[in-house]
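Work through the exercises below with the model open. Each task is followed by a solution in steps.

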Amino acid sequence: MLATQVSLEINEIGEDAGRIYDYLRQNGESTLAALKKSLKMSNDSAAYALGWLAREGRIDMRRKGTSVRIFTV
């Protein structure tokens, strides 16, 4: 049962990563707060998905003032 639960969570993270990537491709760079609001994501879901995308080399982040901007590469 645990393997099935973990597998479902990984699938959800992958789906969330896809939603974030599509959003960034269509709208350009964004802050974490704006992404979460636009996509109606929790802190954890957004963080896991961003980690997934960063590990794949699909996004990068840079500090701009007091916020961090997220963008596709």
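**Exercise 1: a pair within one helix**

Aspartate 16 has a relative accessibility of 15% and therefore counts as buried. The model is a predicted one.

Task: Classify arginine 19 by its relative accessibility, and describe its salt bridge with aspartate 16.

Solution.
1. The cut-offs are under 20% for buried and over 50% for exposed, with partly exposed in between.
2. Arginine 19, at 35% relative accessibility, is therefore partly exposed.
3. The closest N and O atoms of arginine 19 and aspartate 16 are 3.4 Å apart, and a salt bridge requires such a pair within 4 Å.
4. Both residues belong to helix 1 (residues 2-27), where they are three residues apart, about one turn of the helix.

**Exercise 2: a pair across the sequence**

Task: Find which parts of the chain are tied together by glutamate 29 and arginine 69.

Solution.
1. A salt bridge joins the side chains of glutamate 29 and arginine 69, at 3.1 Å from N to O.
2. Glutamate 29 sits in the loop between helix 1 and strand 1 (30-31), and arginine 69 in strand 3 (residues 67-72), so the pair links parts 40 residues apart in sequence.
3. Glutamate 29 has a relative accessible area of 27%, so it is partly exposed.

**Exercise 3: the buried face of helix 3**

Task: List the buried residues of helix 3 and state where they lie around its axis.

Solution.
1. Helix 3 covers residues 43-55, which is 13 residues.
2. Its buried residues are Ala46, Ala49, Leu50 and Leu53.
3. Viewed down the axis of helix 3, these buried residues fall within an arc of 100°, so they line one face of the helix.
4. Just after helix 3, glycine 57 has a positive phi of about 75°.

Technical notes: Residues numbered from 1 in each chain as written. Predicted model: local features only at pLDDT ≥ 70, side-chain atom pairs only at ≥ 80, totals over all residues. Heavy atoms only, no water. Helix = DSSP H or I, 4+ residues; strand = E, 2+ residues; numbered from the N terminus. Expected span 1.5 Å × (residues − 1). Buried < 20%, exposed > 50% of the residue type's maximum accessible area, 1.4 Å probe, protein only. Arc of directions from axis to C-beta.
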